[in-house]
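Dear colleague,

Please find below the structure that I am handing over to you. My findings are set out after it.

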Amino acid sequence: MKTLLAVITSTLLVSIASGVPPVDFNRDIRPILSANCFACHGPDKEAREGDLRLDTAKGARKMLGPVEDSELVYRIETDDVDDLMPPEDTGHVLTETQKKLLRAWVASGGEYDTHWSFEPPVKATVPEDRHPIDHFVGEQLKKATGLTPADEANRYALIRRVSLDLTGLPPTIENADAFVKSGDFEAVVDRLLGAEDFGEHWARMWLDLARFADTKGYEKDRHRDMWRYRDWVIEALNRDLPYDQFTIEQLAGDLLPKPTTEQILATAFHRNTMENDEGGTDDEEFRVAAVKDRADTTMQVWMGLTMGCAKCHTHKYDPISIKDYYSFYSFFNQTEDADRPAPVMPTPTAQQSEQAAKFEAEITALNQKLKAKPAGYAEAFSKWKAAFKKTPPWQPLKLAGMQSKQGVKLTQAKDGTLKVRSENPEKDTWTLTLNLPAGETLTALRIDALPKKAGGKWPDKNVALRELTAEFLAPGAKPVKLKLANPRADFSQRGWEVARAIDGNRKAGWAFSPKAAEPHVAVFDFAKPISGGQLRLTLDMEYGLGLIFESFRLSASTHPVNWLTASLDPVAGLEKIFSEQVYGPTRELKAQLETIQEALKGVQSRISKTAIMRELAGEKRRKTRIHNRGNFLDQGDTVEAGVPEVFGKLPGESPANRLGVAQWLMQPENPLTARVMVNRVWARLFGIGIVETEEDFGSQGAVPSHPELLDWLAVDYREKDWSLKQLLKTIVMSGTYRQSAVVTPEKLAADPRNRLLSRGSRFRLSAEMVRDQSLAASGLLTRKLGGPSVMPPQPDGVWKSTYSGERWKNATGPDRYRRGLYTYAKRTSPHPAMLSFDAGSGEVCQIRRVRTNTPLQALVTLNDTAFIEAAGALAKRMTDIEHGFRLVLTRPPTAEEAKRLNALYETMKTDFASKLEEAQALLQSAGLKEGDAARVCVASVILNLDETLMKP
Amino acid sequence: MNLKLEQLRANTRRHFFKQSGLGFGAIALQQLLSAETAAAKKPRFRIPAKAKSIIYLHMAGSPSQLDLFENKPALTKYHGKVCPDEYLEGKRFAFIKGKPKMMGPVFDYTQHGESGQWISSLLPGLSSVIDDVCVIRSMHTEQFNHSPAQLLLQTGSQLLGSPSMGSWVTYGLGSENQNLPGFVVLASGGKTPSAGKSLWGSGFLPTVYQGVQCRTDGGDPILYLSDPKGMSRQMRRKTLDALNDLNEIQHQQIGDPETLTRISQYELAFRMQMSVPEVMDISKEPKHILDLYGAQPGHVSAAETAADPRQIYKGDDPTFANNCLLARRLVENGVRFVQLYDWGWDHHGSSLGESIDETLPIKCQQIDKAIAGLINDLKQRGLFDETLIVWGGEFGRTPMMQNNVRNELKKGFYGRDHHPHAFTMWMAGAGVKPGAYGSTDDIGYYIAEDKVGIRDLQSTVLHQLGLDPHRFSFPYQGLDQRLIGPTNDGKVISDILT
């Protein structure tokens, strides 16, 4: 590691011609060997040519030696095309500079170092009187260019910058003015770090990594509820959950002792992998694809290494073999999910939990009251019981006559049972005339469906009573239609509830699959009691498939209807009937109880079920084999779960599962985890990481521009309990962060891409920030934390998905103006405005977004409904042009700028004066009923300024 | 996503100072060259080009080669008989279960052109130009579900996240027109293809190279292209003048070259607002040209808004024809890569509106005249020799009937399952030798000679456009990524080239 510590200057700036710095293996040589030689002379045994490897000191030894004898030098400098390396047909060519470097390296002894990022970071000592970041950056800037850092940015720029960086939103004018007055930057930083907006903004970075989306991906790309995971990330960031715990819960929350719902919800991180619902696809193929994604993503996100290549063959550049790959894969190959939704878990929001708990408490209290029984209850019950038992609750009705479309005949047994005594048709309608007992007042009708005989012509024992109608026949009078009420049954098939038998609709009625082999009861009250005469019932059983009664009984009762239940044994549970239906005080309690139980059910049904990880146990655990050439159908040797050999083993006390992996990632000895994370955070603030290739810390990745700074930040982050907020505070409090972004010609020449941080970093806002800023400035933004995704307007016809009927419905009301983070994310069709500004699709882990500058972006901010409506709202909100300018850009406009905007306003005003219809049309596009169309144009210009789209 | 990309961006900015006017998806060649290789005139991946542009006609869902191009008397003989075991062992199918029956070609074949090729009676138009086309009967792929197979074909990987062929090509060659996107996508058939917009995504290449879908269903041809109602062209000009002036002031204050790029991109957007609707407006074409394709300006197909377009396919639906005519206008105007997707070729016969006996003739009717028209029109304009045309699906269809719903052939339900082992595509135009290439066994199950894989097809396309498929790469995730993948399996099919 001695050399690494010595490396202070960036490779980009080293002037080889000056000959000053000695050749450094990791900085100068490894990248050349890696890019040009390792493919054939690297870790991959299968691809190795000439039995030579150049990725190890041992392998390269025979190629080195004194320069004039060195085979390596000969091979790269020779004119003989047959001997020249790299061979022409590889397409690789060494530049003169690279050849000189290799020659110099051989001359200096050809020393090898371990790849820099595989050595643990060490915190260098820094002078006490200077911010450590400023120390590292300043020293290097001075050394490489002789330049000094820029002055601190003006306070308007500073507060806009830090507000956008920490919360993704611009400051209010009041906050800005207060800071300009006080100059207390730390207070601003603390306020922003404590705001809820903080979690919403930084969640975006993590959700890109987590490949979060609202749909499953692939052909059908159907909806799947994952938004509770997004809530979890926002909340975890807001409470500054330390990165080690943040990691452990997401990778293995389910494996923690007595995990909370929230900890299990965190494991949805790895359930964000795609699922393929396309017909005929092999679930195992896509389960394997998801597991590979989990292994790859874990390595990418936490260690900045690309293992993807190693799933087909040993990595050509980094020391990761195909065996390493499948050993690591094995940790993730032990969960229950298999390209299907399960396992899912109800994941209530805090509000839902609170409501449910409240209802549950009320239910308990009511149950207790019910159990305790009011005074006088026992006496009332025994009195009632006697009355109940005086007459039998149900009297079978005698069949007086019948009609059947299919000519079916019924016979009646002594106990009143009716049986089919003829050929059994597939379907039929019966009209039965039944004698009513004379002199009795009848309150209700009961049907006993008795089991069909086994086998026979009707294999299905179910009955489908599509519709039941009743008429009252009195001698000499016309039949009177009877209204049946309060239908109830001991059991109904789903979709065939007993109420549907009397709903006038013949599509469905009462049926009782899958419990068709058992007897069942249905009870209907007569809306008005009847007496004397006859009852005529029509039973529509025209469904087909022989779903008609074979054996049944019809009875009527004289009891009050609230004494009657649809239970097989009418005298069973008398106390229950009395308590719940008859006796006033308890009946009321019961009614209350039912209301609350319904309410509870309502809450529970709205609780989102999130896909989570669940470990397989015992015999169900899978054996992992190497997939030859990455093909899951071509399985090779069995492997044991383990981390790549080059990184040692799991910590001694760690279990060999995902929890162990998480602990291994977060142990202090891991050389990469902290570096990768601080680098990622740095890149979000400065536009480029200290290691530019955030996704690749391996030998093909870029070398760090400020290695000591990277290590200092990494160690400091770990030492300060992995606190993201602390890390951010450390960085934004530095002078380096606070520099002015003004670009001078000298700085542009000496440091064109600002890799040396000779000035403040000025770069374009992310897709979400562009949207959120315009909504916030115009006052449209809906401030609501968390919740399901929303559908802000998008042009018609963007969603045209194969075979999935899901539709985009433009939100109206508050959901139209939520932060971009909450925009519904469909993997095969992301929101086009977001896509234009380089947001990803959530299909796979996205380590960083490229930033482009295209005409399509101009069209979005000029013409997308969201931005026109924002212009309208801003036009309405601003008291004058200067105010509008400040709402967006924080600072006041210069006199020149104000003049130009006012000139535009005047011109547009004149134009619209003669074009009232156009003015009205523009106002309408901007969501305004009335107003000043010229102001809308000015507001739109302000929202489209380069400065608006950039971080100051 | 990496150093090279960032350098590219830096170079782009520098370029602005020299030439002012950064093209859209049109980063000029020399910008790809680092200072050290500037001595060479062209990057090493550039080779002499036969084609200036390409029109790729993708029949999403995959048409049946056995009912269009593969006349198999032996299969007719087996028609309705149970498939011999040897054809089923060890195979995976999407939907076929158990032992299916063989199904002979449903439509008549006749011989056409000098080469005497057998072409189905469903394609009279193509038959009339068959001497301009090279039919490849020996295509095969590794994927047998739509989404992964389309991705493999169009992006080189069955997984999501790789750049599409069109992105690669515009990245390598740029666009010839400063006012139009270099890579345009046109879709017909009422649905986007199974794998969705990833098929024209730019993957790890910068987003300027992603395909721009131009819509023909009545809305903006490019999303957000229209100014809001009430904002006239002159007013837009005035607001942009003010915007530019203010951005100039910002540039004086801060000095960031990116600000100048932004000004130029807003200007380009303004020009596109004119040029795109213009090029997309086929109503200006004379009647005999419209008739040549069967195009109907302004037609909005009911299929475009139908919940299930299969139910309402009509043979005279001109959407695909309109897109073919548009494709010609686009290449004529210097667009590099025009990609047409036509949805509705997945003829399993398991539900209404997706059968070989009833739906395939309708789909053929929709495309056949237009394709002949396109070839003839390009020829009469002298564009045929510099335009590469590729036609095909993402895989083929089985010689067996699909039997998961019924085991007997019933009218309106003739269907075939996905078949990756052999299928037909054709190429025409720039440097492609007309004729036939490759063949399959007597029932069209396996390839008999001259196998052509997806990698070979991709290699050939790149090669014709002047890009060396093996050297044309972009560093990402530790590898020099290529369209043709990490292995060197892909070979240019030189036998079909002049």
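The notes that follow cover confidence, the contact between the chains, and the nonpolar cores.

Please bear in mind that this is a predicted model. For chain A, the mean pLDDT is 90, and 96% of the residues reach 70 or more. Residues 1-20 of chain A are a stretch to treat with caution: pLDDT stays under 50 there, although the model has 35 contacts beyond four places in sequence for these residues. Where pLDDT is low, the predicted coordinates should not be read in detail.

Turning to the interface, 76 residues of chain A are in contact with 68 residues of chain B. On the side of chain B that touches chain A, at least two residues each come from helix 1 (3-19), helix 5 (146-155), helix 7 (233-254) and helix 8 (257-280) of chain B. Helix 7 of chain B gives the most to this side, namely eleven residues. By character, the residues on this side of chain B comprise 28 nonpolar, 24 polar and 16 charged.

As regards the interior, the largest nonpolar core has 305 residues. Those with the most contacts inside this core are Ala871(A) and Leu874(A), together with Cys134(B), Ala327(B), Leu388(B), Val390(B) and Met427(B). Helix 15 of chain A (residues 283-303) gives the most to this core, with ten residues. Leaving aside residues up to four places away in sequence, Ala871(A) touches Ala926(A), Val936(A), Ala939(A), Ser940(A) and Leu943(A). Another core, of 48 residues, lies apart from the largest one and includes Leu397(A), Leu418(A), Ala489(A) and Tyr543(A).

With kind regards

Methods:
Residues are numbered from 1 along each chain as its sequence is written. Chains are lettered from A and ligands numbered from 1 in the order in which they are written. This is a predicted model: local features need pLDDT of at least 70, side-chain atom pairs count only at pLDDT 80 or more; totals for chains, interfaces and linings use all residues. Two residues are in contact if their C-beta atoms, placed from the backbone, lie within 7 Å. Helices (H or I, at least four residues) and strands (E, at least two) are DSSP runs, numbered from the N terminus. Ala, Val, Leu, Ile, Met, Phe, Trp, Tyr, Cys and Pro count as nonpolar, Asp, Glu, Lys and Arg as charged, and the others, Gly among them, as polar. pLDDT is the predictor's confidence in each residue, from 0 to 100. A nonpolar core is a set of buried Ala, Val, Leu, Ile, Met, Phe, Trp, Tyr and Cys residues joined through C-beta atoms within 7 Å. A residue is buried if 20 or more other C-beta atoms lie within 10 Å of its own, exposed if 12 or fewer, and partly exposed in between; C-beta atoms are placed from the backbone.
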